[in-house]
Amino acid sequence: EFRLEGDYEGSDKNAIDYMNTVYSCITSICTSYIADLYGNKDKFDYIIIDCPPNPGFINNSILIASDQVIVPVICSGESFEGVVKMKVKVQDIKDKVNPNIELLGCLIVDYDSRTIISKTVIEEISSLVHVFKTRIRHDVTVKESNAGFATIFEYCPKGRAAKDYMQFTEEAFGVKRPFKWFDLAPAAYASIAEDDDAVNDESV
């Protein structure tokens with residue numbers, strides 16, 4: 001739980017007390033939701049939670065419940081500032097709430113090796129945190145898969161983005177991709193979708 005601190009008087013102090021109360025409630029709700037959703041995390045090798053890029057109560061609660069953090073980075077003028085803020089946030093959570101959390105590093109996405117800004121941003125960020133060697137290259141199939149509400153492994157498993165993500169998984173977690181994984185991926189996701197449909201049918 002985080003607490004806003006400082007010297008406040010009158011209505012300012014009431015506002016801070018109110019925000020602390022709201023924050024505590026939402027943090028508790030979100031943490032309970034994650035626990036209920038995933039149960040005993042020892043049943044899984046990894047639990048990956050994809051977060052929106054904007055800070056807030058939800059993201060803070062997810063960070064509190066996390067062991068490791070990977071920051072996707074698009075090479076732009078605001079990238080360095082965003083990474084700085086995330087590094088500070090993770091360290092804040094580590095100091096106050098979750099001593100086990102670790103910032104694994106930054107993953108460069110939508111990468112174009114031809115642009116100067118890509119090289120500049122990577123150099124700047126590398127001076128601050130670890131940057132994975134694998135780059136997720138620019139690939140239009142990523143946006144197409146998002147538009148179709150499908151993963152890149154379902155939509156285009158043989159595309160360069162899918163290959164890059166698989167290579168990144170090997171680099172980050174030390175795992176080995178299965179033989180002919182690009183043929184296995186669509187069938188695996190189809191099986192997951194069927195299980196989800198079955199659970200939804202039971203809950204209706």
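**Salt bridges and a buried threonine**

Let's start with one pair: Arg 114 and Asp 112 join their side chains in a salt bridge, with 2.9 Å from N to O. That is one entry in a short list, since a search of the whole structure turns up four salt bridges. Keep in mind that this is a predicted model. Below is a quick tour of three of these bridges, followed by a look at Thr 134. As background, side chains of opposite charge can pair when their charged atoms come close.

**Arg 114 and Asp 112**

- Arg 114 has a relative accessible area of 72%, so it counts as exposed, the cut-off being over 50%.
- Its partner Asp 112 is partly exposed, at 22% relative accessibility.

**A pair inside helix 3**

- Glu 81 and Lys 85 form another salt bridge through their side chains, at 3.4 Å from N to O.
- Both residues sit in helix 3, which covers residues 79–96.
- They are four residues apart, or about one turn of the helix.
- Lys 85 is exposed, with a relative accessible area of 53%.
- Glu 81 has a relative accessible area of 47%, so it falls in the partly exposed class, because exposed means over 50%.

**A link between helix 7 and strand 3**

- The side chains of Asp 164 and Arg 137 also meet in a salt bridge, here at 2.8 Å from N to O.
- This pair ties together distant parts of the chain, with the two positions 27 residues apart in numbering.
- Asp 164 belongs to helix 7 (residues 160–173), while Arg 137 belongs to strand 3 (residues 131–137).
- Asp 164 has a relative accessibility of 4%, so it counts as buried, which means under 20%.
- Arg 137, on the other side of the bridge, is partly exposed at 36%.

**Thr 134, also in strand 3**

- Thr 134 is another residue of strand 3.
- With 3% relative accessibility, Thr 134 counts as buried.
- Its side chain makes a polar contact with the side chain of Glu 171, at 2.6 Å.
- Setting aside neighbours within four places in sequence, Thr 134 touches Leu 107, Asp 164, Gln 167, Phe 168 and Glu 171.
- Asp 164 therefore turns up twice here: it is among the contacts of Thr 134, and it is the salt-bridge partner of Arg 137.

Terms used: Residues are numbered from 1 along each chain as its sequence is written. This is a predicted model: local features need pLDDT of at least 70, side-chain atom pairs count only at pLDDT 80 or more; totals for chains, interfaces and linings use all residues. Side-chain values use heavy atoms; hydrogens and water are left out. Buried means under 20% relative accessible area, exposed over 50%, partly exposed in between (1.4 Å probe, protein chains only). A polar contact is a pair of N or O atoms within 3.5 Å; within protein, one must be able to donate a hydrogen and the other to accept it, and residues adjacent in sequence count only if both atoms are side-chain atoms. Contact means heavy atoms within 4.5 Å.
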